[in-house]
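Colleague: Before I use this model at the bench, I should like to understand the terms applied to it. May I ask for the reasons behind them?

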Amino acid sequence: MLVAKNEQGQSICLVKQQAVGGKKFFCPGCGGPVRLRKGQVIRPHFAHISLKHCRYFSENESAQHLALKTSVYQWARKHNKVELEKWLPEIEQIADLLVEERLALEIQCSSLSFKRLQERTHAYQQAGYRVLWLLGEQLWLKNRLTKLQKQFLSFSQYMGFFVWELDLKCQRLHLRYLIHEDLHGRLQCLTEEFPLGVGNLLTILRFPYQKKKVAVLKGRQDVQLLDYIARQLYHHSPKWMAAQAQLYQKGGNLLMQHLDDFYPQIRPPQSRCGFVQIQEDLTDYYANFQTYYQQLNHKDEQYLYSPVFYQTILKKNSTPN
Ligand SMILES: [Zn+2]
């Protein structure tokens with residue numbers, strides 16, 4: 001933690017103040033005693049003497065978390081009103097950063113449970129805050145989307161499913177967008193990078209919602225998909241066994257299908273329990289997506305577009321001349 005209370009109840013911020021007087025410090029959440037730590041490797045910070053009674057800081061923070069929190073805070077305060085480790089009594093949470101009094105930025109460097117993420121997000125939403133999660137290295141998107149990563153996804157008509165990642169080593173903010181999954185469950189998406197500290201952070205974070213040219217991603221289809229499915233069935237993969245059972249009921253068989261029957265191979269992510277960060281209804285997007293590809297004659301390649309594209313082109317095609 002970078003902010004603590006002193007004996008007089010004043011906030012002491014280790015980013016703003018170089019020299020810190022006093023000896024006794026307290027957690028702004030639980031009020032328990034914290035110690036000022038100054039090490040060689042890790043930047044000066046406060047740490048609980050005992051975490052037993054604190055609900056707000058679940059663990060002593062990593063060097064990565066402290067460093068990223070400091071960088072993003074210093075970046076945000078160039079152009080915006082921002083508070084570091086802001087205690088929000090109405091929801092009993094501490095926001096890593098609170099920008100312009102309404103946007104909570106959470107720098108998430110370690111895994112947390114789905115339940116905890118859901119609770120924290122809902123608390124912010126219900127109190128009228130917007131919350132945005134910026135993911136540290138451990139949570140970056142890799143080859144496949146995990147269940148937890150899906151719950152960090154946001155959505156916009158111009159960027160589709162997207163997520164923000166923070167890179168401490170390279171001092172960059174990554175925007176991963178047009179996030180899709182192929183039939184192997186592998187991730188296909190685009191990335192845009194922003195150097196930390198350059199430009200207005202709030203403007204950059206609004207970037208996915210600004211009207212812009214349709215984004216395009218050339219999907220990588222698998223021409224050997226039928227062999228892959230046959231192997232998956234042979235090994236009793238639950239996902240493909242379920243698909244096969246469903247098709248059997250309609251009198252079909254996956255192994256008798258043609259490659260085109262699996263088009264489009266690359267699809268938007270789905271989640272049975274929904275996406276906790278996304279409040280808008282995605283039904284039209286999924287429907288338009290399917291309709292668009294079903295109508296295409298050439299199924300030997302697949303280009304993926306911003307959601308706004310499918311909506312616009314289907315509307316155009318359905319309007320009589
Ligand atoms: Zn505490």
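Modeller: The questions below concern salt bridges and exposure.

Modeller: This is a predicted model, in which local features need pLDDT of at least 70, side-chain atom pairs count only at pLDDT 80 or more, and totals for chains, interfaces and linings use all residues. Residues are numbered from 1 along each chain as its sequence is written, and side-chain values use heavy atoms, with hydrogens and water left out.

Colleague: Why is the contact between Glu 61 and Lys 69 called a salt bridge?

Modeller: The term requires a side-chain nitrogen of Lys or Arg within 4 Å of a carboxyl oxygen of Asp or Glu. The closest N and O atoms of Glu 61 and Lys 69 are 2.5 Å apart, so the pair qualifies. Glu 61 and Lys 69 also belong to a salt-bridge network with Glu 85 and Asp 96.

Colleague: What links Lys 169 and Glu 137?

Modeller: Their side chains form a salt bridge, at 3.7 Å from N to O. Lys 169 lies in the loop between strand E11 (160-167) and strand E12 (172-181), and Glu 137 in the loop between strand E9 (130-135) and helix H3 (147-150), so the pair ties together parts 32 residues apart in sequence. Helices (H or I, at least four residues) and strands (E, at least two) are DSSP runs, numbered from the N terminus.

Colleague: Why does Lys 169 count as exposed?

Modeller: Exposed means over 50% relative accessible area, buried under 20%, and partly exposed in between (1.4 Å probe, protein chains only). Lys 169 has 71% relative accessibility and therefore counts as exposed. Glu 137, at 36%, is partly exposed.
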